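Look at the model below and find the central sheet. Then follow the strands one by one.

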Amino acid sequence: MTALLETKTVSKDYGALRALSNVSIAIEAEELVSVVGPNGAGKTTLVNLLTGLLTPSAGDVLFMGESIAGIGPVRLAERGLVRSFQLIQIFPQLTVAETIAAAVVSRQGKRWRLFATLASDHAVRTRVAQVAEIFGLQHRLATSAAILSQGEKKLLDVASAFALDPRVILLDEPTSGVSTAEKHGIMQTLIAAAKRAGVQSILLVEHDMDLVAAYSHRIIALAEGCVLADLPPAQFFADPRLIESVIGKRMGQRC
Ligand SMILES: Nc1ncnc2c1ncn2[C@@H]1O[C@H](COP(=O)(O)OP(=O)(O)OP(=O)(O)O)[C@@H](O)[C@H]1O
Ligand SMILES: [Mg+2]
């Protein structure tokens, strides 16, 4: 079976620094895979390679069997791979409905821009209402994004990504900055929304090991740019040295 998303012996250098070294991972359909590792391990570099923002120095990145090395997020989203936006991209002056509509319209492409009055376009409004409902934001449609709670902002951030109808979604710390009490609720909403929206796989970059343990089918641990482990949670959490490496207590892991 072809993996949905994979890296083949990928390395990435920033000048003299090798941020990723010979990384081969694969994400299949129906999986939630977490990428973990201490600061500087290469997680964000990996996500940037997987979303076509960066071009590998060596190796290749494939989405549904085709190379996506460096193709950029817009073309990648058209093919069905989307990354959740960072909070910074939530525009405080827009309402929840307008934020989701912007994503829906960008997904529909130029066809929709031919219509003069987007806001009144029935199909866009219907889709916005659907996405909002999936994320429990249906009562907040007219609310300015600026006054949402931190947890609601996270959900809006991911709802915008879901509005693009992705097959695979990459979530870079979707619950960072959110209270511990809210984190599980957000993850459960995200996972249920993914199922309803037909998303086949989720790649999660996450520091919170509670969340990783609770929701992952597989855990990929990076350390100093190498894959230290690629295991189901039960095996991963059975190895205390692995956990120490990932939370940064055990230094000097070399590959
Ligand atoms: N644009 C860049 N130019 C030079 N070095 C970089 C650049 N981006 C990242 N690095 C370096 O590459 C290594 C991997 O960085 P990366 O941001 O991928 O790690 P990370 O696992 O996401 O870390 P964190 O948990 O802190 O977010 C680090 O040593 C970092 O300093
Ligand atoms: Mg990072």
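**A strand and its neighbours**

Leu170 has Leu203 in β8 as its bridge partner. This is a predicted model, and that pair is a good place to enter it. Another pair links the two strands: Val168 stands opposite Ser201 in β8. Together, β7 and strand β8, which covers residues 201-205, are joined by five bridges. Their pairing is parallel.

Now turn to strand β6, residues 81-83. It also pairs with β7 in the parallel sense, here over three bridges. In this pairing, Val82 faces Ile169 of β7.

How many of the five residues of strand β7 are buried? Four of them are. A residue counts as buried when 20 or more other C-beta atoms lie within 10 Å of its own. Strand β7, residues 168-172, is therefore largely enclosed by the rest of the structure.

How does the chain get from β7 to β8? Look for helix α7, residues 180-196. The two strands and this helix make a β-α-β unit, and the unit is right-handed.

**The whole sheet**

Step back from β7. The sheet is open and has six strands. Read across it, and the order is β6-β7-β8-β3-β9-β10. The pairing in this sheet is mixed. Which strands are the edge strands? They are β6 and β10, the latter spanning 226-231, and each pairs on one side only. On average, neighbouring strands of the sheet are turned by 15° against each other, with direction ignored.

A helix packs on this sheet: α1. Helix α1 touches β3 (32-36), β6, β7, β8 and β9 (218-223). Compare directions, and α1 makes an angle of about 155° with β7.

**Around the ligand**

The same helix, α1, leads us to ligand 1. Which residues surround ligand 1? Start with Tyr14, Leu17 and Ala19. Gly37, Asn39, Gly40, Ala41 and Gly42 are also in the shell. Lys43, Thr44 and Thr45 complete the list. Two elements give two or more residues to this shell: β2 (17-27) and α1 (43-50). The largest share comes from α1, with three residues.

Sort the shell by class. Around ligand 1 there are six polar residues, four nonpolar ones and one charged one.

Go back to the picture and trace the path again. Begin at β7, paired with β8. Cross to α1, which packs on the sheet. Finish at ligand 1, with α1 giving three residues to its shell.

Key
Residues numbered from 1 in each chain as written. Chains lettered and ligands numbered in written order. Predicted model: local features only at pLDDT ≥ 70, side-chain atom pairs only at ≥ 80, totals over all residues. Near = placed C-beta within 6 Å. Helix = DSSP H or I, 4+ residues; strand = E, 2+ residues; numbered from the N terminus. Nonpolar A, V, L, I, M, F, W, Y, C, P; charged D, E, K, R; others polar. Buried ≥ 20, exposed ≤ 12 C-beta atoms within 10 Å, placed from the backbone. Pairing = 2+ DSSP bridges. Right-handed = clockwise from strand over helix to strand, strands pointing away. Axes fitted to C-alpha atoms, helices over the stretch in contact; angles between N-to-C directions. Contact = placed C-beta atoms within 7 Å.
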